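Visitor: I'd like to learn how to read a structure like this one, feature by feature. Can you walk me through it?

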Amino acid sequence: MLRDITIRGLGVIDEAVLDLAPGLNVVTGETGAGKTMVVTGLGLLLGGRADSDLVRTGADRTSVEGFADLGADHPALVRAAEAGADVTEGLILARNVAAQGRSRAYLGGRSVPISTLSEVGERLVAVHGQADQWRLRSAEEHRVVLDGFDPDVARLVEDFQRLYDEHHALVAEADRLRSAARERAREADGLRVSLEEIEAVDPQPGEDEELRAEDDRLSHADALRDGASRAHVLLAGDDSAWDGASGGALASLGEAVSALEPWTGHDPALADLHRRLAELSYVASDLTTDVAGYLTDVEVDPARLSWVQERRAELTRLQRKYGETVDEVLAWAQDASRTLLTLEGDDARIEEIEARLAKLTPRLGAAGAALHDARSTAAERLGAAVTAELGRLSMPRARLVVGVTTQPHERGLELPSGDRVRYSRNGIDEVDIALAANAGAPPRTVTRAASGGELSRVMLAIEVVTHGGGSSTVPTFVFDEVDAGIGGKAGVEVGARLAELAREAQVIVVTHLAQVAAYADRHLVVRKADDGQVAASGVVEVAGDERVRELARMMSGDESDAAVEHAHQLLASARGRVGESPESA
């Protein structure tokens, strides 16, 4: 519910604070006192259109701020949190309109687009009365009202939407696959050519690195043999060696070991040197053998070198197209093979989708027909119930008709009857709430046929019949002009119906009828100061004798004894009708 609303610099309002309560809140005041500005301010707070002309003369801006106390999972709170608002202690909404025309919106202390404020407002408050503020502003809203009236209809809507979503996803996938068929064929041909090219070369993992090393070795075979031969001579010795040496490093090491060996027992340090020389001699011996083996392995093979270089050229061509290394080329080939399998399987997928659609489409058509029948039945009951309510709201000759129609379409959804109709995710129906305001008059859509006051009464009747507070997530309803053109007994009935709706939701009503105000759970009065402005203390709650005097003023324009007595009687009657004893207030 809305806990409070603060309005500054709006029309005749300098500053006004409305402390709201659960149940029925009534706002009254003399003509021109600024009652309508309360609804205007609320409209701004909920994301309505801003006009700089609304800014009070002499003020630099209009500001409206409200605090809403909602459950943690309420859609308005969830949407505000998604927008980044701080909702830990409730939801604060704010709207500023500068005299120059610029408007800004805030949720939970964070600046947000006006559209976001409007989205939250739609989930928070339903305003009835002005043509651009009431709930039935579009045919889609007409459908929402009807679907929310009957739980069976709501269930059938969910069934249809589940089938529709599945059907829509399959149709979209099939269309995508068909539209891309030519491109898929080109892609598949390209992949086949590339895979055949790679398969013809048949690269092996790591082959590029192995061939690079072999190419380097074969290209320098003569130099490698010469270097290894010279190293072998220096190690093993050779009388014909290039430097004329008669003995190599191995022989020298042996002589050094022999020279130290007789004296190792006389000095530990010398013994350690002898040991290290012996180890070096063993290593040199092994190294000499290895060098000799290397000389045996190194061959000058021009034919092999040519083959290696040709093979490397083949691999390089692949690497320029498919990867930096042979391993990357092989990885690309694996991915391409998987993609090719997918592309070649698309035709089979289309056939599978078509088979599923052949079974699903009749089910969707049957669900649409069932939903249409249920809506048609619910529409008759809703129309009759609202018509009865309108009779109690000083519209005795009015008749509400809820039309449920379908539109033929040659490519639409086929029904069990064989007819094809236009359809959407919400079914096959177009719903229109129409009003015949007088006997014999043809029903016309309510958005064109009803005045502001009639619209408010139609919405009041709908909310009462559908128990809007109980079945809707909207916790607060606002009615303006709901009592336009009525009085007496009809006003009493309007007040009673508002009180009935207020049992399940918070209701805010701007009224000039004492018969309506008598039902209030909280009665707020807008009072102007002598300068014609509404100051900070200009909106006050009245109770007890003060409330009785306000009701007397509303009925007769004065506070005479007769008027006060009449007000007492009216208040007692209202309390008794809602089950409250006269002494309890």
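Visitor: Let's begin with strand pairing. In which sense do β16 and β17 pair, and over how many bridges?

Guide: The general idea goes like this: strands in a sheet pair through backbone hydrogen bonds, and they run either parallel or antiparallel. In this model, which is a predicted one, β16 (residues 522-526) and β17 pair in the antiparallel sense, over four bridges. If you want a spot to zoom in on, take L524, whose bridge partner in β17 is E541.

Visitor: What is the strand order of the open sheet?

Guide: Six strands make up this open sheet, in the order β8-β14-β15-β3-β16-β17, and the pairing is mixed. At the edges stand β8 (125-128) and β17 (539-542); each has a single partner strand, so one side of each lacks a neighbour in the sheet. From one strand to the next, the twist averages 20 degrees.

Visitor: Which helix packs on the sheet, and which strands does it touch?

Guide: That's α3 (residues 114-124), which touches β8 and β14 (476-480). The direction of α3 makes about 80 degrees with that of β8.

Visitor: How many residues sit between the strands in the hairpin of β10 and β11?

Guide: Five, and one to check on your backbone plot is G418, which takes a positive phi near 95 degrees. Strand β10 (residues 408-414) pairs with β11 in the antiparallel sense over three bridges. P408 is found opposite V421 in β11.

Visitor: Now the aromatics. How should I describe a ring pair?

Guide: You describe a pair of aromatic rings by two things, the distance of the centres and the angle of the planes. Here the count comes to three aromatic pairs. One of them is Y164 with Y423: 6.0 Å centre to centre, with 75 degrees between the planes, which makes the pair edge-to-face.

Visitor: Why does that pair tie together separate parts of the chain?

Guide: Because Y164 lies in helix α5 (residues 151-179), while Y423 lies in the loop between β11 (420-421) and β12 (430-436), and these parts are 259 residues apart in sequence. Y164 is buried at 16% relative accessibility, whereas Y423 is partly exposed at 30%. There's a cluster here too, formed by F160, Y164 and Y423.

Visitor: What about Y322 and W332: how far apart are the ring centres?

Guide: The centres are 4.6 Å apart and the planes are at 35 degrees, so the pair is tilted. To be called stacked, the planes would have to be under 30 degrees apart. Y322 belongs to helix α11 (residues 302-322) and W332 to helix α12 (residues 326-344), so this pair links parts that are ten residues apart in sequence. Y322 is buried, with a relative accessible area of 11%, and W332 is partly exposed at 28%.

Visitor: Which residues does S194 contact, leaving aside its neighbours within four places in sequence?

Guide: The very two we just discussed, Y322 and W332. S194 sits in helix α6 (residues 181-201) and is buried, with a relative accessible area of 12%. The C-alpha atoms of S194 and A333 are 8.2 Å from each other, although 139 residues separate them along the chain.

Visitor: And S281, is that one buried or exposed?

Guide: Buried, at 15% relative accessibility. S281 lies in helix α10 (residues 268-297), and it touches L250, L253 and V257, not counting residues up to four places away in sequence.

Visitor: Let's go inside. How many residues does the largest nonpolar core have?

Guide: It has 80 residues, and those with the most contacts inside it are L24, L390, L400, L460, F479 and L498. Helix α13 (residues 346-392) gives the most to this core, with 13 residues. A second, separate core of 42 residues includes I7, L77, L107 and V127. Back in the largest core, F479 has contacts beyond four places in sequence that include H128, M459, L460, L498 and V509.

Visitor: And the whole chain: how many helices and strands are there?

Guide: There are 20 helices and 17 strands. Of the 585 residues, 43% are buried. The chain exposes about 29700 Å², with carbon and sulfur atoms supplying 48% of that. Among contacts between residues at least 6 apart in sequence, 69% join residues at least 24 apart.

Key. Residues are numbered from 1 along each chain as its sequence is written. This is a predicted model: local features need pLDDT of at least 70, side-chain atom pairs count only at pLDDT 80 or more; totals for chains, interfaces and linings use all residues. Side-chain values use heavy atoms; hydrogens and water are left out. Rings of Phe, Tyr and Trp (its six-membered ring) pair if their centres lie within 6.5 Å; planes under 30 degrees apart count as stacked, over 60 as edge-to-face and the rest as tilted. Helices (H or I, at least four residues) and strands (E, at least two) are DSSP runs, numbered from the N terminus. Buried means under 20% relative accessible area, exposed over 50%, partly exposed in between (1.4 Å probe, protein chains only). Two strands pair if DSSP finds at least two bridges between them. Axes are lines fitted to C-alpha atoms, for helices over the stretch in contact, and angles run from 0 to 180 degrees between N-to-C directions. Contact means heavy atoms within 4.5 Å. Accessible areas come from the Shrake-Rupley method with a 1.4 Å probe; for residues, only the protein chains shown count as cover. A nonpolar core is a set of buried Ala, Val, Leu, Ile, Met, Phe, Trp, Tyr and Cys residues joined through side-chain atoms within 4.5 Å.
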